[in-house]
Amino acid sequence: MRTAFLAILILVLAAGPAAAATLDRAALHDQIAAALKARGLVGLNAAVVENGATVLAEGFGTRSLQTGEPVTPDTMFAIGSITKQFTAACVLLLAEDGKLAVTDKVAKYYPDLTRAADITLLDLMNHVSGYPDYYPLDFVDRPMARPTPSDEVIRRFGTRPLDFEPGSRYSYSNTGYLILGRVVEKVSGESYEGFLARRILKPLGLARTSYEPDPASPGCAQGHMSFWLGEPMAVPLEGKGWVAAAGALFSTPADLAAWDLALIGGRVLKPESFKLMTSPRRLNDGSLSNYGCGLAVGERGGMVVLSHSGAVNGFYALNVVVPATRSAAVLFSNLSSYSDVNAVWNPLAAAILPKAGPKAAPAAKDKPAPPAPPKGVPAIAGLAAAEQAKAFVKALQEGRVDRSALGEEFDVFLKPAYIAPAAARLKPYGEPAAAVVESIGERGGMEVSTTRLELKTGVLKVLMYRTPDGKIQQLFIQKG
């Protein structure tokens, strides 16, 4: 269950000046509608709040290509990892009730997990536990397609060796939030769904937010995927039990924006709990992560910016809120094409963000140094990321894929029938020329890179995951 909250912060913090004091609803509508058509998206649901007032809450496109039914403001989309802030709030509410402490060790609830006596609930919420992530990729592998009790997923991944010493670095892990959801159930004596509804959803009137609803029900959008520039196709969700408290909520942008305002307005948590939730974690070496509890924490124009994204199979959701101005932007898509959805998202988020401060001009003779790889990015055998992406696309244009270079699950996912159509779509772009890595990071012990490929007739983005042995565990190609 990939989340792009780091990318969100980079995007929103690099965006242009905020819009005028009063946003133009018609202009926002036209902007989203035009982008949906230009980018070939299936359906979008959006909300924009400025100074506590809703400017836009509207659906666009279709909720399912199979039915052709339109997206309405009440159509619920899967919000993936945005669920995590709700899970963190549940844990903090139980702490306020005196039923647990965020300093509780995992061993109190799961004594058999690796280093359980050394890892706290707060470590799980901050993604600094070291537990391996069970869902770092963007497709459903064979095990995840099968319904599996959450406790079994926790056992499989929580008893493996840690990826790093607890508290030493940040690394996103869905495993930690699966554990937190079960802790909520063990401590409260209720199901996660029941506790969430009783303490958060019903009191706030979030009637269009639901945990693990029937995805085939009329009120829900259908998820879609477009692989290697192909036509969107309907895809199923993960097997039940896998995402759970880490990402199983469906919601509407209007409900999520109402949640944003309630959370920053003190209607969910006490001030000290909200402060903990929105405070970046200080790591063992004294440095700060950019993550609190279920929320990425950034700054723009002297103001705090909170954000998160979420992705489960066929869906992509984005949310950003500026507490100081009580403003928020929310966008849900039922096509998991990150570059296309981000093209809609960037100006939408920029509309509610404060102006960025001026940047210092570089000295005339200074040549910018390449950015150092983030902490924890593993060394990868073989070609550098940009060269690997370029070589893969060039071979694919010729109808060739070296399957010996692929990880086992990606090899299975990449059906032979996908190759020739993808080659036909990519061939007109011409041979790749320039290849530049736009971002590089770590996820699940892998190198995660996004490479911009400049070709004769266009630009492509290559999202690639590689393990230290050089095997490609995922490679997605999207429009630039």
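Okay, let's start in the middle of things: the largest nonpolar core here has 87 residues, and the ones with the most contacts inside it are Phe86, Met125, Tyr131, Tyr134, Ile200 and Trp259. Before I go on, please keep in mind that this is a predicted model. So which helix gives this core its largest share? That's helix H3, residues 83-96, which puts in 8 residues. And there's another core lying apart from this one, with 65 residues, among them Ala46, Met225, Phe227 and Val393.

Let me pick one residue from that first list, Met125. Leaving out anything within four places in sequence, Met125 is in contact with a whole set of residues, including Ala88, Val91, Leu92 and Val102. Tyr177 and Leu180 are on its contact list too, and so are Tyr291, Gly292, Cys293 and Gly294.

Now move along to Asn126, which is found in helix H4, residues 121-126. Is Asn126 buried or exposed? It's buried, because its relative accessibility is just 3%. And what does its side chain do in there? It makes a polar contact with the side chain of Arg281, at 2.9 Å. If you again skip residues up to four places away in sequence, Asn126 touches Tyr170, Arg281, Tyr291, Gly292 and Cys293. You'll have heard some of those names a moment ago: Tyr291, Gly292 and Cys293 are also in contact with Met125.

Cys293 brings me to the cysteines. How many disulfides are there? The count comes to 0. Take Cys90, which is in no disulfide: the nearest cysteine sulfur belongs to Cys293, and that is 13 Å away. Looking from the other end, the closest cysteine sulfur to Cys293 is the one in Cys90, and at 13 Å that's too far for a bond. For comparison, the cut-off used for a disulfide is 2.5 Å between the sulfurs. As for where these two sit, Cys90 is buried because its relative accessibility is 0%, and Cys293 is buried as well, with a relative accessible area of 0%.

Next, a stop at Gly130, in the loop between H4 and helix H5, which spans 142-145. Gly130 counts as buried because its relative accessibility is 2%. What I like here is the contrast between sequence and space: Gly130 and Glu165 are 35 residues apart along the chain, but C-alpha to C-alpha they're 6.3 Å apart. Gly130 also touches Leu162, Asp163 and Phe164, not counting residues up to four places away in sequence.

Okay, on to the strands. As a quick reminder, strands of a sheet pair through backbone hydrogen bonds, either parallel or antiparallel. One open sheet has 3 strands, in the order S3-S7-S4, with antiparallel pairing. Why do S3 and S4 each have one side without a neighbour in the sheet? Strand S3 (77-78) and strand S4 (210-211) are at the edges and have a single partner strand each, so one side of each stays without a neighbour. S3 pairs with strand S7, residues 249-251, over 2 bridges, and Ala78 stands opposite Phe250 in S7.

Last one: strand S12, residues 435-443, and strand S13, residues 446-455, run antiparallel and are joined by 8 bridges. To place yourself in that pair, find Ser439, which stands opposite Thr450 in S13. S12 and S13 form a hairpin with 2 residues between them. In the turn you'll see Gly444, which has a positive phi of about 60°.

Definitions and conventions:
Residues are numbered from 1 along each chain as its sequence is written. This is a predicted model: local features need pLDDT of at least 70, side-chain atom pairs count only at pLDDT 80 or more; totals for chains, interfaces and linings use all residues. Side-chain values use heavy atoms; hydrogens and water are left out. Buried means under 20% relative accessible area, exposed over 50%, partly exposed in between (1.4 Å probe, protein chains only). Helices (H or I, at least four residues) and strands (E, at least two) are DSSP runs, numbered from the N terminus. A polar contact is a pair of N or O atoms within 3.5 Å; within protein, one must be able to donate a hydrogen and the other to accept it, and residues adjacent in sequence count only if both atoms are side-chain atoms. Contact means heavy atoms within 4.5 Å. A nonpolar core is a set of buried Ala, Val, Leu, Ile, Met, Phe, Trp, Tyr and Cys residues joined through side-chain atoms within 4.5 Å. Two strands pair if DSSP finds at least two bridges between them.
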